[in-house]
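Got the model open in your viewer? Here is a short walk through it, one selection at a time.

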Amino acid sequence: MIRSTGSWYDVRDNDGHIYRARLKGKFKIKGLKVTNPIAVGDRVQFEVEDEIENTAIIIDIEPRENYIIRQSVHKTAHGHILAANVDQAVLLATLTMPRTSLGFIDRFLVTAEAFRIPTTIVFNKADILNDDGLAYQQEIIDLYEKIGYNCLITAALEGTGVDEFKALLDNKVTLLSGHSGVGKSTLVNAISPDLNLRTSEVSTFANKGVHTTTFAEMFELGPDTYIIDTPGIKELGLSDMQKEEISHYFPEMRELLNQCRFNNCLHVNEPGCAVKDAVGEGEIAESRYWSYLGMLSGDDNRR
């Protein structure tokens with residue numbers, strides 16, 4: 001499935017022909033309460049309904065290799081699947097116009113870690129940063145590279161890092177995500193002008209982007225190379241995750257899991273906690289620990 005528009009879905013067959021399709025009946029994913037039973041990237045079986053009208057009926061959804069999910073902003077206790085069957089995720093972040101908080105970055109990384117989806121953080125709009133901003137950006141990059149995350153600096157309008165970004169996507173299915181206004185569409189247009197994705201200016205008053213992508217959609221950039229562009233995400237609530245497992249998805253905490261005094265340590269106020277000791281000694285970044293505590297408490301974590 002390559003595009004979701006609510007009740008209708010665009011599906012593509014093996015020959016590249018695209019049909020407008022609808023679901024047959026109600027699909028329920030076992031053990032998963034979601035607002036969308038089918039997501040971009042899902043492999044489906046469908047029957048052509050009308051060749052002239054180019055419509056089809058989806059009759060089955062094949063098992064997923066993985067997926068990225070967030071808490072639904074409209075329906076309590078439900079999740080919303082952003083994409084399925086991806087090889088990697090790319091999170092676009094900007095330090096200004098708009099600002100991407102470290103809490104948001106950490107929530108995205110934890111969500112990807114839950115399904116072992118490799119993630120690269122792309123810091124875009126480097127061209128609008130002053131010397132202090134560039135120095136701070138490098139501090140953030142050092143923080144994430146230290147714990148094993150690949151980082152890339154781009155300035156889409158100037159062409160900086162565009163070739164490296166294109167190489168990152170080659171021969172993979174990539175979920176591309178981030179806040180509205182971080183430059184997802186501009187960066188994709190830089191490597192594939194034929195797509196001509198809509199772009200918009202960031203409001204200088206609110207320092208927030210305007211939604212230009214309304215629905216998640218998969219685009220083919222080249223042979224075996226696809227991106228899934230998603231609507232700009234304002235908040236990223238964790239979905240279907242128990243408190244006890246959240247620290248497992250922080251690589252630097254995962255290394256210390258067996259070193260705490262108690263097996264069920266939540267790393268909050270328990271004695272003999274190796275994670276808290278590592279934070280105190282500067283081995284784990286304070287920003288990461290605060291992000292963890294925010295996820296543990298269910299806080300929106302908009303810092």
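Start by selecting Y292: this tyrosine is buried, because its relative accessible area is 0%, and buried means under 20%. Keep in mind throughout that you are looking at a predicted model.

Now add F250 to the selection. F250 is buried too, again with a relative accessible area of 0%. How far apart are the ring centres of F250 and Y292, and at what angle do their planes stand? The centres are 5.7 Å apart and the planes are at 85 degrees, so this pair is edge-to-face. The pair links distant parts of the chain, 42 residues apart: F250 is in the loop between helix 5 (243-246) and helix 6 (251-254), while Y292 belongs to helix 8 (residues 286-297). Show Y289 as well, and you will have a cluster of F250, Y289 and Y292, linked by ring pairs. In total, the structure holds four aromatic pairs.

Stay with helix 8 and colour helix 1 (residues 102-113) next to it. Two packed helices are described by the angle between their axes and the distance between the axes. Here the angle is about 70 degrees and the axes of helix 1 and helix 8 are 9 Å apart. Helix 1 and helix 8 are therefore roughly perpendicular to each other, and helix 1 passes helix 8 in a right-handed crossing. To see the meeting point, show side chains on both helices: from helix 1, pick L102, G103, D106, R107, L109 and V110, and from helix 8, pick S287, R288, S291, G294 and M295.

Next, step back along the chain to the loop between strand 8 (88-93) and helix 1, where you will find P98. Which form does the peptide bond from M97 to P98 take, cis or trans? The bond is cis, with omega near -5 degrees. M97 sits in that loop as well, and although M97 is not a glycine, its phi is positive, at about 50 degrees. Both details are worth a look, because most residues other than glycine have a negative phi, and most peptide bonds are trans. M97 counts as partly exposed, at 23% relative accessibility.

For another positive phi, jump to H267, a residue other than glycine with phi near 65 degrees. Look for H267 in the loop between helix 6 and helix 7 (274-280). H267 counts as buried, because its relative accessibility is 1%.

Now for two arginines and their rings. Select R20 and W8: R20 lies over the face of W8, at 4.3 Å from the ring centre. Then select R64 and Y67, where the charged end of R64 sits over the ring of Y67, 5.9 Å from its centre.

Your last single residue is E158, in the loop between strand 10 (150-153) and helix 3 (162-169). Is E158 buried or exposed? E158 counts as exposed, because its relative accessibility is 57%. Draw a C-alpha to C-alpha line from E158 to A190: the two are 9.6 Å apart in space and 32 residues apart in sequence.

Finally, zoom out to the whole chain. You should be able to trace eight helices and 13 strands. Of the 303 residues in the chain, buried ones make up 51%. Among contacts between residues at least 6 apart in sequence, 64% join residues at least 24 apart.

Key:
Residues are numbered from 1 along each chain as its sequence is written. This is a predicted model: local features need pLDDT of at least 70, side-chain atom pairs count only at pLDDT 80 or more; totals for chains, interfaces and linings use all residues. Side-chain values use heavy atoms; hydrogens and water are left out. Helices (H or I, at least four residues) and strands (E, at least two) are DSSP runs, numbered from the N terminus. Buried means under 20% relative accessible area, exposed over 50%, partly exposed in between (1.4 Å probe, protein chains only). Rings of Phe, Tyr and Trp (its six-membered ring) pair if their centres lie within 6.5 Å; planes under 30 degrees apart count as stacked, over 60 as edge-to-face and the rest as tilted. A charge sits over a ring if NZ of Lys or CZ of Arg is within 6 Å of the ring centre and within 35 degrees of the ring normal. Axes are lines fitted to C-alpha atoms, for helices over the stretch in contact, and angles run from 0 to 180 degrees between N-to-C directions. Angles under 35 degrees count as roughly parallel, over 145 as roughly antiparallel, 65 to 115 as roughly perpendicular and the rest as oblique. A crossing is left-handed if the near helix is turned anticlockwise from the far one by less than a right angle, and right-handed if clockwise. Contact means heavy atoms within 4.5 Å.
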